[in-house]
Structures are given as structure tokens and as C-alpha cells.
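Hi there,

Here is the structure I promised to pass on to you. Have a look at it first, and then read my notes below.

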Amino acid sequence: MKVCPKCGQATPLWSRDLRSGLCGPCVRAGAAQREREEREARETIVVEGKPLSCPICGHERFSKMRVSSWDLAVRLPSMTACSCKRCRYVMWFQRDEEG
Ligand SMILES: [Zn+2]
Ligand SMILES: [Zn+2]
């Protein structure tokens, strides 16, 4: 029986990831971790090389919404609204943020 290189638990062949050799729970934990990191990267807004933080509560996670002039029914360039995940304060950028 092989041992999982991450947690050191003996892992039967049928519950082992063939590529990494990790046991099932470690594979799932790794995927969840990656997902969390990807989500955090998406929710962090970088402006002029600095991570944006909320002027109200200082939180650094936002949800982004692209708003086109069509949505607003006015003649504006497309905007990006970043809404603070903690206090819901909304900041506007008069351009399309990537991502
Ligand atoms: Zn493991
Ligand atoms: Zn806030």
C-alpha cells in the first residue's frame, strides 16, 4: 500500500489520484484551495498597481459588475462597479476592468 505524500496516510490504489499520488481527501482539499485562491484573485481589484481597499471599512474584496451605457439608459462609456463584500459600498470606474 502506498502512502499519500501530503498527509502520510496509507492510501489504497482505488482512492489514489494516479498523477499526483495523493489520497482522495487531499486531492479534494487541493482543488478547494485552488478554487478559493482563484476566487480571491477575482475579488481583489488592482488599480495603478495597488490593491483597492474600501474607503469605508478597509475591506479588500469586491464583487465586480460591468455596466454598459445600455443598462443605465444614458450616454456613458462602459463602467465597472466594484461593490465591497463587507459593507456593500460601491465604487465606480469609468473603464472596463479586466477579469
Ligand atoms: Zn492525503
Ligand atoms: Zn467596505
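Reading along the sequence, you will meet the pattern β-β-α-β-β-β-α-β-β in the protein chain. That comes to two helices and seven strands. Please keep in mind that this is a predicted model. The pLDDT of the protein chain averages 86, and 85% of the residues score at least 70.

Let's take the helices next. Helix H1 covers residues 24-43, which makes 20 residues. From its first C-alpha to its last, H1 reaches 29 Å, close to the 28 Å expected at 1.5 Å a residue. Among the elements of the chain, H1 has the highest mean pLDDT, 93, while helix H2 (residues 69-72) has the lowest, 61.

How many of the residues of H1 are buried? The count is zero, so to speak of H1 as hardly covered is fair. In the protein chain as a whole, 9% of the 99 residues count as buried.

Now for the sheet. Strands E5, E6 and E7 form an open sheet in that order, with antiparallel pairing. At its edges are E5 (62-67) and E7 (90-93), each of which pairs on one side only. Neighbouring strands here are turned by 20 degrees against each other on average, ignoring direction. In general, strands of a sheet pair through backbone hydrogen bonds. If you zoom in on E6 (residues 79-84), you will find four bridges joining E6 to E7. Thr80 stands opposite Phe93 in E7.

One last number concerns contacts with a separation of 6 or more: residues 24 or more positions apart account for 23% of them in the protein chain.

Enjoy exploring!

Definitions and conventions: Residues are numbered from 1 along each chain as its sequence is written. Chains are lettered from A and ligands numbered from 1 in the order in which they are written. This is a predicted model: local features need pLDDT of at least 70, side-chain atom pairs count only at pLDDT 80 or more; totals for chains, interfaces and linings use all residues. Two strands pair if DSSP finds at least two bridges between them. Axes are lines fitted to C-alpha atoms, for helices over the stretch in contact, and angles run from 0 to 180 degrees between N-to-C directions. The expected span of a helix is 1.5 Å times one less than its number of residues. A residue is buried if 20 or more other C-beta atoms lie within 10 Å of its own, exposed if 12 or fewer, and partly exposed in between; C-beta atoms are placed from the backbone. pLDDT is the predictor's confidence in each residue, from 0 to 100. Two residues are in contact if their C-beta atoms, placed from the backbone, lie within 7 Å.
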